[in-house]
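Here is a friendly walk through one protein model. Have the viewer open and follow along.

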Amino acid sequence: MYLTLRDRPGGKSAASSAAPRIATTVVLLGIVSLLTDISSEMVNAVLPLYLTAEVGLGVLAYGFVDGLYQGVSALVRIGGGYAGDRSNRPKWVAAVGYGLSALSRVGMLVAHNLVAISAVITADRLGKGLRTAPRDAIIADSSDPRALGRAFGVHRTLDTIGAAIGPMVAFSMLLLVPGDYNSVWIVSAGFAFVGVAVIVLFVPNHRTKVARTAQSFRHVLRQVGGARLRRPLIAAGLLALFTVGDGFLYLSLQQRDHLAAKYFPLLYVGSNIAYLLFAIPFGRLADRIGRTRVFLGGHVALLAVYLFAAGPFGGTWSTVLVLALLGTYYAATDGVLPALVTPLVDEQSRGSGIAAAQTVVVLARFGSSLAFGSLWLLLGSTHALFLVGGLLLATLALSVWLLRGTEVTA
């Protein structure tokens with residue numbers, strides 16, 4: 001339960017109160033995400049190199065795997081959000097998702113070809129899809145409406161601490177024992193199962209704002225397909241369609257700068273540190289100046305990522321700038337999107353509304369990964385990035401119009 005100044009003995013009115021405090025539940029869920037992201041980013045940081053250098057997949061095959069990584073979770077996101085809303089037990093829906101992802105880490109030990117690796121990644125992403133909307137709905141329900149951006153920023157900050165630690169752990173392990181990917185998978189599984197234990201044992205299973213009543217699926221469909229949510233969903237989907245996966249960007253940087261394989265995981269660390277630094281400030285900024293403005297500004301940073309990654313100037317400074325801008329993009333969009341969507345649906349359908357936005361984004365990114373793998377083969381990474389950058393610029397102009405007047409503030 002969050003506590004504001006007006007709730008304290010002798011406190012002032014809401015108008016003059018200090019900034020709303022962040023709920024303990026938000027912090028606990030952040031710790032769960034921290035542990036889970038250590039696990040997932042240990043795998044994610046070495047996966048592009050493992051697939052292309054160890055397993056021997058080509059760029060197009062990697063595009064298929066990256067598409068699975070980006071898009072499979074869409075299959076269950078709406079179901080996860082609706083199950084959390086309908087059952088009034090979002091914690092347990094999320095816990096099942098975290099557990100499925102943890103089990104997938106063990107599967108990496110026996111996955112040595114495209115089919116097996118695709119199956120393991122599918123299980124992991126289904127777990128992510130199942131847990132994300134119920135978890136974000138709990139965050140929204142636990143938070144003051146005036147500070148949704150900050151609450152999601154705090155959660156994403158803790159999440160990103162894990163995302164920064166994970167690649168460093170993987171890097172250290174491969175530095176000590178080059179090529180020992182099985183050790184990476186085992187340690188990754190350990191962190192994931194600890195995260196499952198935290199959500200099961202410590203996160204409360206209750207709604208902190210209102211008593212929920214079960215809503216029919218028809219009511220949920222009216223909410224997620226309603227006029228208030230339609231244009232934000234279209235804008236988010238179009239922008240995601242021209243979002244190149246991190247793995248492709250990092251492979252492009254590695255080829256351009258001839259980066260040694262053992263340093264590859266550090267690229268993930270760089271972007272995650274930038275995300276970590278900016279997540280809370282951008283959440284606060286979104287609450288202050290508008291979530292649509294920050295969301296669109298994040299995509300301007302992404303456009304700059306493409307230009308600098310594809311530009312003729314390589315070297316350390318260029319790579320650091322790309323990683324910083326990529327982290328800025330995530331800080332301005334990842335937590336801001338659910339904060340933008342939350343007021344656009346009623347409280348009984350909150351998880352489903354967040355899930356709808358996330359589903360649109362991951363489906364678009366699935367298509368983006370498949371398309372970019374093909375563009376890389378046809379045009380090369382540099383020309384492919386310039387082409388996608390041009391399309392993103394045009395989509396940004398359209399999105400400004402689509403999002404005009406759609407934001408609802410508390």
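The report below goes from the overall fold to single helices, ring pairs, a cavity and a few individual residues.

## Overall picture

This is a predicted model. The protein chain holds 16 helices and 0 strands, and 57% of its 410 residues count as buried.

How do the contacts spread along the sequence? Among contacts between residues at least 6 apart in sequence, 85% join residues at least 24 apart.

## Two helices to look at

Start with helix α7 (residues 181-202). With 22 residues at 1.5 Å each, α7 should span 32 Å, and its end C-alpha atoms are indeed 32 Å apart, so expectation and model agree. The buried residues of α7 include Tyr181, Trp185, Ser188, Gly195 and Ile199. Much of this can be followed through spacing: an α-helix has 3.6 residues a turn, so residues three or four places apart point the same way. Among the elements that cover the buried residues of α7 are α1, α4 and α6 (148-176).

Helix α13 (residues 316-333) gives a similar check on length: its 18 residues should span 26 Å at 1.5 Å a residue, and the end C-alpha atoms are 26 Å apart, which agrees. Is α13 enclosed or open? Of its 18 residues, 13 are buried, so α13 is largely enclosed by the rest of the structure.

## Aromatic pairs

The ring search gives 11 aromatic pairs. One of them joins Tyr181 and Trp185 in a stacked arrangement, with 6.1 Å from centre to centre and 25° between the planes. The two residues sit 4 residues apart in helix α7, about one turn of the helix, and both are buried. Ring pairs also bring in Tyr50, which forms a cluster with Tyr181 and Trp185.

A pair with another geometry is that of Phe248 and Phe372, which is edge-to-face at 5.2 Å centre to centre and 65° between the planes. Phe248 belongs to helix α10 (residues 246-257) and Phe372 to helix α15 (residues 350-379), so this pair ties together parts that are 124 residues apart in sequence. Phe248 and Phe372 are buried.

## A residue beside that pair

Val244 is in the loop between α9 (227-241) and α10. Its relative accessibility is 2%, under the 20% limit, so Val244 counts as buried. Setting aside residues up to four places away in sequence, Val244 touches Leu249, Tyr306, Ser368, Phe372, Leu385 and Val388. Phe372 thus appears again, as a contact of Val244 and as a partner of Phe248.

Val244 also offers a handy distance to check in the viewer: its C-alpha atom and that of Phe366 are separated by 9.9 Å, while the two residues are 122 apart along the chain.

## The second largest cavity

Rolling a probe the size of a water molecule over the atoms shows where empty space is left. Across the whole structure, the search finds 3 cavities of 30 Å³ or more. The second largest has about 60 Å³ of space.

Which residues line the second largest cavity? They are Val43, Leu47, Tyr69, Ser104, Arg105, Met108, Val120, Ile121 and Asp124. The elements giving two or more residues to this lining are α1 (24-54), α4 (90-107) and α5 (114-141), and α5 gives the most, with 3 residues. By class, the lining has 6 nonpolar, 1 polar and 2 charged residues.

## Three more residues

Asn44 lies in helix α1 and has a relative accessible area of 13%, so it is buried. Apart from neighbours within four places in sequence, Asn44 is in contact with Tyr69 and Tyr268. Tyr69 is also among the residues that line the second largest cavity.

Thr359, in helix α15, counts as buried because its relative accessibility is 9%, below the 20% limit. Leaving aside neighbours within four places in sequence, its contacts are Ala74, Arg77 and Ile78.

Finally, look at the backbone of Asn88, in the loop between α3 (74-87) and α4. Most residues other than glycine have a negative phi. The phi of Asn88 is near 60°, a positive value in a residue other than glycine. Is Asn88 buried or exposed? At 30% relative accessibility it falls between the two limits of 20% and 50%, so Asn88 counts as partly exposed.

Terms used
Residues are numbered from 1 along each chain as its sequence is written. This is a predicted model: local features need pLDDT of at least 70, side-chain atom pairs count only at pLDDT 80 or more; totals for chains, interfaces and linings use all residues. Side-chain values use heavy atoms; hydrogens and water are left out. On a 1 Å grid over the protein atoms alone, a cavity is a set of points where a 1.4 Å probe fits but cannot get out, and a pocket is an open set with protein on both sides within 12 Å along at least five of seven lines; lining residues have an atom within 4 Å of a point. Grid points are joined across faces, edges and corners, and a volume is the space filled by probe spheres set on the points. Ala, Val, Leu, Ile, Met, Phe, Trp, Tyr, Cys and Pro count as nonpolar, Asp, Glu, Lys and Arg as charged, and the others, Gly among them, as polar. Buried means under 20% relative accessible area, exposed over 50%, partly exposed in between (1.4 Å probe, protein chains only). The expected span of a helix is 1.5 Å times one less than its number of residues. Rings of Phe, Tyr and Trp (its six-membered ring) pair if their centres lie within 6.5 Å; planes under 30 degrees apart count as stacked, over 60 as edge-to-face and the rest as tilted. Contact means heavy atoms within 4.5 Å.
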